[in-house]
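Visitor: Good morning. I am new to this structure and would like to be taken through it. Could we begin with the chain as a whole?

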Amino acid sequence: MTKNYLEAAIEIAQEAGKILVEESSRPPDIRYKGDEVDIVTQADKRSEQAIVARLNKYFPDHSVAAEEGTGKENASEFRWHVDPLDGTTNFAHGYPCFCVSIALAQRDTLLVAVVFNPVHNELFAAARGEGATLNGKKISVSKVATLSTSLLCTGFPTRNRKASPNLQYYGDFTQRSHGVRRDGSAALDLASVAAGRFDGFWEFGLQKWDTAAGVLLIEEAGGRVSDFAGDPYQLGGPIILATNGLIHEEMRAVALEISRRPPTPVRH
Ligand code: IPD
Ligand code: CA
Ligand code: CA
C-alpha cells in the first residue's frame, strides 16, 4: 500500500504522539543506555514500535533509521529518519516539552518533514518546494536582523558531556543576544526557528534523527542551515547552525571568534 509521503508522516506522528501522551500519565519506566544521563523510557520504545510498524506497512521497500534501533536497511534510495521521542529527559521528569520527529530523504535530499508536539497539539509539517506549516497554516522564519535583538536556543549532549565545548558558546551568545533558551528537544528547537519563535539555534553532535525534519522545516520556512564554516549542513554532521538567515553571518562570526580562543578548563 503506497500513501502520500507527507500524509503518511502526519498520520504516523499523530499516532505516536497519542502514545507519548498516554505514557506521560504513568510513572516513567527509565532505563539507562550508557551512563546515568542517557535515558530511554518505555515511551521511546512504544512510540518507535508504532512508527516503524506503520512505515514498514506503507513503504515496505524504504529504509528506516530509527533512534532505538528497530528500523531496517533496504537497498532503497528512500530513508525515513525517526526520533520517536525527542526530549526524553524532559519526558522522564514530567517537563512537557517533547515531540515526535519524522522525515523522509531520497538519497541526500529531504522530501518531507513532520515534528509533532502532542502536549500543545502543534503539528509542524513541510514538503520540499511547498513551504512549511504549523497546524495547516504557513509559517516563516522571523525578521529579526541583529544578534543583539535575537532570541536563541541551543542544547547539550547527554553522551560525553564533558567533551562538549558548548558552555563557552552558551555564555558568549547569552551576553550578545536577548538570551539563549535550552529547551531539551532539538527537533522542537528547530521547528521553533522555522515558526519564527527563535531567531537562531546551534548545537554540537546531533544525530540525523534529531535534525532531519527540523532542517527541512527551516529551509521551507525561508531560513538557513549550515555548519559554523558556512558550508551546507550534512545530516549527522558535528555542528549545526540554523537561523532566520538574517543573523546567520553574525552568529558565524561570533562562533569563529570563540573557536579561536583557548578552551576554558572544565572543573571536575
Ligand atoms: C536529545 C534532545 C536534546 C539535545 C540532545 C539530544 P533525545 O534527544 O534533542 O535537546 O540537546 O543532544 O540527544 O535523546 O531526547 O531524543
Ligand atoms: Ca533526539
Ligand atoms: Ca529520542
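Guide: Certainly. This is a predicted model, and the accessible surface of the chain comes to about 12,500 Å². Carbon and sulfur atoms hold 50% of that surface.

Visitor: What share of the residues counts as buried?

Guide: Of the 268 residues of the chain, 51% count as buried.

Visitor: And what box do the C-alpha atoms fill?

Guide: Taken along the principal axes, the box is roughly 55 × 45 × 35 Å. The radius of gyration is 18 Å, which agrees with the value near 18 Å for a compact globule with 268 residues.

Visitor: How many helices and strands are there?

Guide: The secondary structure comes to 7 helices and 14 strands. As for contacts in the chain with a separation of 6 or more, 62% of them are between residues 24 or more positions apart.

Visitor: Into which domains is the chain divided?

Guide: There are domain 1 (2-139) and domain 2 (147-259). Their C-alpha centres lie 21 Å apart.

Visitor: How many residues of each domain are in contact with the other?

Guide: On the side of domain 1 there are 39 residues, and these are in contact with 25 residues of domain 2.

Visitor: Let us turn to the interior. Which residues of the largest nonpolar core touch the most other members?

Guide: They are Val115, Phe124, Phe201, Leu217 and Ile240, in a core of 35 residues. The elements that each supply at least two residues of this core include the strands β5 (99-106), β6 (109-117) and β7 (122-127), together with the helices α5 (186-194) and α6 (208-220). The largest share, 7 residues, comes from α5.

Visitor: Where does this core lie with respect to the two domains?

Guide: It lies between them, because domain 1 and domain 2 both give residues to it.

Visitor: Could we take one member as an example? With which residues is Leu217 in contact, leaving aside its neighbours within four places in sequence?

Guide: Leu217 is in contact with Ala113, Val115, Phe124, Ala125, Ala126, Ala132, Ala191 and Ala194. There is also a second, separate core of 31 residues, with Ala8, Ile12, Ile51 and Val114 among them.

Visitor: Now the metals. What coordinates the calcium ion (ligand 2)?

Guide: Asp83 (OD), Asp86 (OD) and Asp210 (OD) coordinate the calcium ion (ligand 2), at 2.1 to 2.2 Å. Along the chain, these donors follow the spacing D-x2-D-x123-D. Asp86 in strand β4 and Asp210 in helix α6 are 124 residues apart, and the pair links distant parts of the chain.

Visitor: Are those two donors buried or exposed?

Guide: Asp86 counts as buried, at 5% relative accessibility. Asp210 also counts as buried, with a value of 10%.

Visitor: And which protein donors belong to the calcium ion (ligand 3)?

Guide: For the calcium ion (ligand 3), the protein donors are Glu67 (OE), Asp83 (OD) and Leu85 (O), lying 2.2 to 2.4 Å from it. Their spacing along the chain is E-x15-D-x1-L.

Visitor: How far apart are the two calcium ions, and which residue coordinates both?

Guide: The calcium ion (ligand 3) and the calcium ion (ligand 2) are 3.7 Å apart, and Asp83 coordinates both. Glu67 lies in the loop between β3 (63-66) and β4 (78-86), while Asp83 is in strand β4, so this pair ties together parts that are 16 residues apart in sequence.

Visitor: What is the relative accessibility of Glu67, and what is that of Asp83?

Guide: Glu67 is partly exposed, at 21%. Asp83 is buried, with a relative accessible area of 1%.

Visitor: One last topic, the backbone. What is the phi of Arg107?

Guide: Phi of Arg107 is near 50 degrees, a positive value in a residue other than glycine. Most residues other than glycine have a negative phi. Arg107 is placed in the loop between β5 and β6 and is exposed, with a relative accessible area of 64%.

Visitor: What about Asn135; where is that residue found?

Guide: Asn135 is in the loop between β8 and β9 (137-139). Its phi is likewise positive, near 50 degrees, and Asn135 is partly exposed, with a relative accessible area of 45%.

Methods
Residues numbered from 1 in each chain as written. Chains lettered and ligands numbered in written order. Predicted model: local features only at pLDDT ≥ 70, side-chain atom pairs only at ≥ 80, totals over all residues. Heavy atoms only, no water. Core = buried A, V, L, I, M, F, W, Y, C linked by side-chain atoms within 4.5 Å. Buried < 20%, exposed > 50% of the residue type's maximum accessible area, 1.4 Å probe, protein only. Helix = DSSP H or I, 4+ residues; strand = E, 2+ residues; numbered from the N terminus. Domains from an automatic or database assignment. Contact = heavy atoms within 4.5 Å. Donors = N, O, S within 2.8 Å, 3.2 Å for Na, K, Ca; no water. Rg over C-alpha atoms; globule rule 2.2 N^0.38 Å. Areas by Shrake-Rupley, 256 points an atom, 1.4 Å probe, with all protein chains shown as cover.
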